[in-house]
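Okay, hi everyone, thanks for letting me go today. Let me put the structure up, and then we'll walk through it piece by piece.

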Amino acid sequence: MSSETWDGDDESAAGRFVPLYVLVNGRTAPRDSTLDLATQVVALTVDTRRLEPEYLEIVRRCSGWISVAEIGAYLRLPLAIAKVMVDVLVEQGYLAVGTPAQQKIIDKHLLDQVIAGLERL
Amino acid sequence: MDRTSVKVVVAGGFGTGKTTLVASVSEIPPLTTEEILTEASLGVDDTTGVEGKTTTTVALDFGRITISPDVVLYLFGTPGQDRFWFMWDELAQGAVGAIVLVDTRRLDSSFPAVDYFERRGIPFITAVNRFFGECAYTEDEIRGALELDERVPLVWCDARDRESGKLALITLVRHAMARLRVRA
């Protein structure tokens, strides 16, 4: 590929520069099985200099709480990949995890809060 | 430091207005995220080996509503095609419940969704989308056609209207709470 024709986009129709399975070391499922599409994560203040650019991009997106689904949508990563990458970052101490929906679903207080919030909309 | 996610599934047959409903209540324009599926995950026998595997992309639309500083509600629309059931399992896992949208021109297109949530014991309500004009059916006729249990709430809505979407969501959460009380 000559330098004139490269448009700086590694995700063109020809494919990503780094295959997705390489980024996740061939993992297909997160180790933390409670990690859900709706689970939110947030970046912890740690040294990110050793992170691969693709991982760094995720950590940068997480300056405020954000869900796995949103990370996938904004960074155009398939969900399964986003989930595994987030899981790796959590495991290595770069991200903190919020409470997944399913753990609090039987919590009446939470549902009360949701109704009150919806009524305020 | 904690942040809780609450999940609601918006289901229904193809073209019933799922994305429209998500858009009308979401605080952000709906986002789309993709899942890549191999033939194996679609339940098709794959005899060709890895290099012959074909992949399909399923798009999921979702929106969000901030409930309070530490609670965010995520609304996920189910993929349009019924064959992606395994995605439904992922969406329904841990959800408060589901809103099944019904298009009165094609009542039967929402039957698989009703059946899905009923079988799994997931709280759901039905929302009849009036967007398509005057409804030719009565509530009883719609309940009959969808074989709805009498305890499943049915609301009339216009998926384009925010108030209408809000009402459907509130009805769902109240229904989910009422079921908690019954079980407790």
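So, let's start over in chain B, where a hairpin joins β3(B) to β4(B) through 2 residues. Oh, and before I go on: this is a predicted model, so keep that in mind throughout.

Back to that hairpin. The two strands in it, β3(B), which covers residues 55–68, and β4(B), run antiparallel and are joined by 6 bridges. If you want to find one spot on the screen, look for T66(B), which stands opposite V72(B) in β4(B).

Now, β4(B) has another partner too. Strand β1 of chain B, residues 4–12, pairs with β4(B) in the parallel sense, over 7 bridges. Here you can look for V6(B), whose bridge partner in β4(B) is L73(B). In general, strands of a sheet pair through backbone hydrogen bonds, and the pairing can be parallel or antiparallel.

Okay, a question for the first-years: how many residues of strand β4 of chain B are buried? It's 7 of the 7, residues 71–77, so the strand is largely enclosed by the rest of the structure. And look at which way they point. V71(B), L73(B), L75(B) and G77(B) go one way from the strand, while V72(B), Y74(B) and F76(B) go the other way, and all of them are buried.

Right, over to chain A. Here we have 6 helices and 3 strands, and from the N terminus on, the elements go α-β-α-β-α-α-β-α-α. Buried residues make up 31% of the 121 residues in this chain. And if you take the contacts in chain A with a separation of 6 or more, 69% of them are between residues 24 or more positions apart.

What about the strands of chain A? They form an open sheet of 3 strands in the order β2-β1-β3, with antiparallel pairing. At the edges sit β2(A), residues 66–67, and β3(A), residues 95–97, and each of these pairs on one side only. Strand β1(A), residues 40–43, is joined to β3(A) by 3 bridges, and the two run antiparallel. A spot to zoom in on there is A43(A), which stands opposite L95(A) in β3(A).

Now add a helix to the picture. α4(A) lies across β1 and β3 of chain A, at about 105° to β3(A). This helix also meets another one: the axes of α2(A), residues 53–61, and α4(A) come within 11 Å and cross at roughly 80°. The two helices are therefore roughly perpendicular to each other. So which residues make the contact? From α2(A) we get Y55(A), I58(A) and V59(A), and from α4(A) we get M85(A), V86(A) and L89(A). By class, that's 6 nonpolar, no polar and no charged.

Last stop, the place where the two chains meet. 33 residues of chain A are in contact with 34 residues of chain B. On the chain A side, the elements that give two or more residues are α3 (68–74), α4 (79–91), α5 (101–104) and α6 (108–120). Which of them gives the largest share? That's α6(A), with 9 residues. And by class, the side of chain A that touches chain B has 19 nonpolar, 9 polar and 5 charged residues.

And that's my tour. Thanks for listening!

Terms used:
Residues numbered from 1 in each chain as written. Chains lettered and ligands numbered in written order. Predicted model: local features only at pLDDT ≥ 70, side-chain atom pairs only at ≥ 80, totals over all residues. Contact = placed C-beta atoms within 7 Å. Helix = DSSP H or I, 4+ residues; strand = E, 2+ residues; numbered from the N terminus. Nonpolar A, V, L, I, M, F, W, Y, C, P; charged D, E, K, R; others polar. Buried ≥ 20, exposed ≤ 12 C-beta atoms within 10 Å, placed from the backbone. Pairing = 2+ DSSP bridges. Axes fitted to C-alpha atoms, helices over the stretch in contact; angles between N-to-C directions. Parallel < 35°, antiparallel > 145°, perpendicular 65-115°, else oblique.
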